[in-house]
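Please look at the model below before reading on, and keep it in view while you follow the description.

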Amino acid sequence: MNAVATKPPPENSLNERLAHSGLRLTPQRQQVHEVLREKMDHPTADQVFMRAKSKMPEISMATVYNCLDALVTCGLVRQVTLDRGATRYCPNMQDHSHFYCDECGSVYDILQTISPEEAHIKLPRGFRLKLIETNLHGLCPDCAAKTK
Ligand SMILES: [Zn+2]
Ligand SMILES: [Zn+2]
């Protein structure tokens, strides 16, 4: 498995994707999308709100939730749920796993390299496997260096 440094789709696809789901491109939706792309550290809705607010002081928490919902609906952002804690948002739509640092709580994208064919998982009859999404736990490079 390799760490990914992939870029999310270009900004001009935002309008198209929203339109495809029957949604309008609003300055708020654009702002929230930008916040997520700017720093791909899987922020919570609260963190997205704080960052969006610093650039768009009039934006409300309810609007941020609405924007996040719209982006999830049109497939530009996905929700990441940890075992504990708030839902986080990830703009990387490639198949990937998440590495959770148990020390500082950071979440990193790890390129998914196990294909269902390779995994040799014996499924009961009738099941069709499409994606294996694993949650990895450990220490990020910063925390690993501190606990040497
Ligand atoms: Zn860490
Ligand atoms: Zn991610």
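The report that follows begins with the whole chain and then turns to one helix and one loop residue.

This is a predicted model, and the secondary structure of its chain comes to six helices and five strands. Read from the N terminus on, these elements run α-α-α-α-β-β-β-β-α-β-α. The chain has 148 residues, of which 20% count as buried. Among contacts between residues at least 6 apart in sequence, 57% join residues at least 24 apart.

The table gathers the helices discussed here.

| Helix | Residues |
|---|---|
| α2 | 27–38 |
| α3 | 45–55 |
| α4 | 61–73 |

Helix α4 has 13 residues, which at 1.5 Å a residue should span 18 Å, and because its end C-alpha atoms are 18 Å apart, the model agrees with that expectation. Within α4, the residues V64, C67, L68, A70 and L71 are buried. Seen down the axis of α4, its buried residues fall within an arc of 160 degrees, so they line one face of the helix. An α-helix has 3.6 residues a turn, so residues three or four places apart point the same way. Just after α4 comes G75, which takes a positive phi of about 75 degrees.

Is K39, in the loop between α2 and α3, buried or exposed? K39 counts as exposed because it has 10 C-beta neighbours inside 10 Å, and a residue is exposed if that number is 12 or fewer. In sequence K39 and C90 are 51 residues apart, while in space they are 10.0 Å apart, C-alpha to C-alpha.

Methods:
Residues numbered from 1 in each chain as written. Chains lettered and ligands numbered in written order. Predicted model: local features only at pLDDT ≥ 70, side-chain atom pairs only at ≥ 80, totals over all residues. Helix = DSSP H or I, 4+ residues; strand = E, 2+ residues; numbered from the N terminus. Expected span 1.5 Å × (residues − 1). Arc of directions from axis to C-beta. Contact = placed C-beta atoms within 7 Å.
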